[in-house]
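Hi everyone, thanks for making time. I'd like to walk you through a structure that's new to most of you, so let's get it up on the screen.

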Amino acid sequence: MLRSSSPQTLDGVLWAEAASSAALRQYCALPKKGKPQGRESTVLAAFLISSPENPLNPTVLSLATGTKCLGAARLGPRGDLVHDAHAEVIARRALLRLVYAEISAENPSSWLVASGADGRWRLKDGHQLHLYITQLPCGVMPVPPSPLEVRREQLDTMVNGYSDVGFVQRKPGRGDTTLSVSCFDKITRWCVVGIQGALLSHILEPLYLSTITIGQSPDAAPEGFCIEDNVVKVLGARLSCLSGKVPDPLKPSKPLFFEAPIPPKEFQQTSGDIPPLTCG
């Protein structure tokens, strides 16, 4: 049992099982329509909230599946299309809708509270926000610079507003090149400015992730690859260039990473001569 709700005291194995079980249980309760069939596979992402009273019994706030994003040639000029439909991004969009609903509801929220004189909201004391993903987010694995990478200065308005020399990766894909930034770069941004986005930041204090639990290492990972160690190093390197450059009230946060049990077959990466089909 946990003696404290602090992320520093989390037992990695117990928490990984609790987070993955809660997310997968919620997914299984949904109708069959739209879920992978046969050789199809997908990625599942879920945002969860834990309370100090029962930290190993998290509640799923939002979840989504998805592996698709629009190519540059298909982007809409009116802003009426969802460019990035990867699971992590769609789950965040759903979470923000929930935050708006919680703030505007007549009954008090169970995990948000008005923070004081400025009228902004925040997480209740002791509550923590978590992310579960069935596999590594795209953009984690180190790759040499390629045409899919551009200097941060060229994408600063899409990423974090800073002009530090570095690289951000676009999402991988076949055919028409996408302009969507990789999920791991977006997660890195959330660790700096929070997940709430610009509009909600006027009424909500920055929301930071306490943990990220990942369900499977990639088949192509080098021998000895460890999610807890390798991913933390990558994230730390990306955040280090922002040291001392982030204004108040932002407080860059590095979440703890845990590796969950292997997810069900419909979420597993496969290797072999026959590539898996992704469920649209």
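I'll start with the whole chain, then go through the core, a few elements, and the charged pairs.

One thing up front: this is a predicted model. The chain has 280 residues, and 46% of them count as buried. In terms of secondary structure, we've got 6 helices and 13 strands. If you take the contacts with a separation of 6 or more, 67% of them are between residues 24 or more positions apart. As for the outside, the accessible surface is about 14800 Å², and carbon and sulfur atoms make up 54% of that.

Okay, the inside. How many residues does the largest nonpolar core have? The number is 43, and the residues with the most contacts inside it are Phe-47, Trp-111, Leu-112, Leu-129, Leu-131, Ile-212 and Val-231. Several elements give it two or more residues, including strand 2, strand 8, helix 4 and helix 6. Helix 2 provides the largest share, with 6 residues. There's also another core lying apart from that one, with 17 residues, among them Ala-16, Ala-23, Leu-44 and Tyr-132.

Let me pick out Leu-112 for a second. Not counting residues up to four places away in sequence, Leu-112 touches a whole list of residues, including Val-99 and Ile-103, Trp-121 and Leu-123, and also Leu-204.

Now strand 2, residues 44 to 50. How many of its residues are buried? That would be 7 of 7. A quick reminder: in a regular strand, side chains alternate between the two faces of the sheet. Here both faces are covered, with Leu-44, Ala-46, Leu-48 and Ser-50 on one side and Ala-45, Phe-47 and Ile-49 on the other.

And what does strand 2 pair with? Strand 3 is joined to it by 6 bridges, running antiparallel, and Leu-48 stands opposite Val-60 there. Strand 8 is also joined to strand 2 by 6 bridges, antiparallel again, and Ala-45 has Ile-133 as its bridge partner in strand 8.

Keep Leu-48 and Val-60 in mind, and look at Ala-22. Ala-22 sits in helix 1, residues 12-28. It's counted as buried because its relative accessible area is just 5%, and the cut-off is under 20%. Beyond its neighbours within four places in sequence, Ala-22 is in contact with Leu-48, Pro-58 and Val-60. The C-alpha atoms of Ala-22 and Leu-56 are 9.9 Å apart, with their positions 34 residues apart along the chain.

Next, Glu-88 in helix 2. Is Glu-88 buried or exposed? Buried: its relative accessible area is 4%. Setting aside neighbours within four places, Glu-88 contacts Ala-45, Phe-47, Ile-133, Pro-137, Cys-183 and Trp-190. You'll recognise Ala-45 and Ile-133 as the bridge partners from a moment ago, and Phe-47 as one of the core residues with the most contacts.

Two of those contacts, Cys-183 and Trp-190, are among the buried residues of helix 4. In helix 4, 9 of its 11 residues are buried, so I'd call it mostly covered. Just after helix 4, Gly-194 has a positive phi of about 90°.

On to charges. Side chains of opposite charge can pair when their charged atoms come close. The structure holds 3 salt bridges. Take Asp-84 and Lys-186, with their closest N and O atoms 2.7 Å apart. Asp-84 is in strand 5 and Lys-186 is in helix 4, so this pair ties together parts that are 102 residues apart in sequence. Both of these residues are buried.

Then there's Asp-80 with Arg-78, at 3.1 Å from N to O. Asp-80 is partly exposed at 46% relative accessible area, while Arg-78 is exposed at 67%. And Asp-125 forms a salt bridge with Arg-122, again with 3.1 Å between the closest N and O atoms. Asp-125 counts as exposed at 63%, and Arg-122 as partly exposed at 24%.

Last stop, the surface. Which residues make the nonpolar patch of about 290 Å²? They're Tyr-100, Leu-199 and Ile-203. Ile-203 is in the loop between helix 5 and strand 11, and it counts as partly exposed, at 34% relative accessibility.

That's my tour, thanks for listening.

Terms used
Residues are numbered from 1 along each chain as its sequence is written. This is a predicted model: local features need pLDDT of at least 70, side-chain atom pairs count only at pLDDT 80 or more; totals for chains, interfaces and linings use all residues. Side-chain values use heavy atoms; hydrogens and water are left out. Helices (H or I, at least four residues) and strands (E, at least two) are DSSP runs, numbered from the N terminus. Buried means under 20% relative accessible area, exposed over 50%, partly exposed in between (1.4 Å probe, protein chains only). Contact means heavy atoms within 4.5 Å. A nonpolar core is a set of buried Ala, Val, Leu, Ile, Met, Phe, Trp, Tyr and Cys residues joined through side-chain atoms within 4.5 Å. Patches are made of residues with over 30% relative accessible area and no salt bridge: like charges are joined within 9 Å, nonpolar side chains (Val, Leu, Ile, Met, Phe, Trp, Tyr) within 5 Å. Accessible areas come from the Shrake-Rupley method with a 1.4 Å probe; for residues, only the protein chains shown count as cover. A salt bridge is a side-chain nitrogen of Lys or Arg within 4 Å of a carboxyl oxygen of Asp or Glu. Two strands pair if DSSP finds at least two bridges between them.
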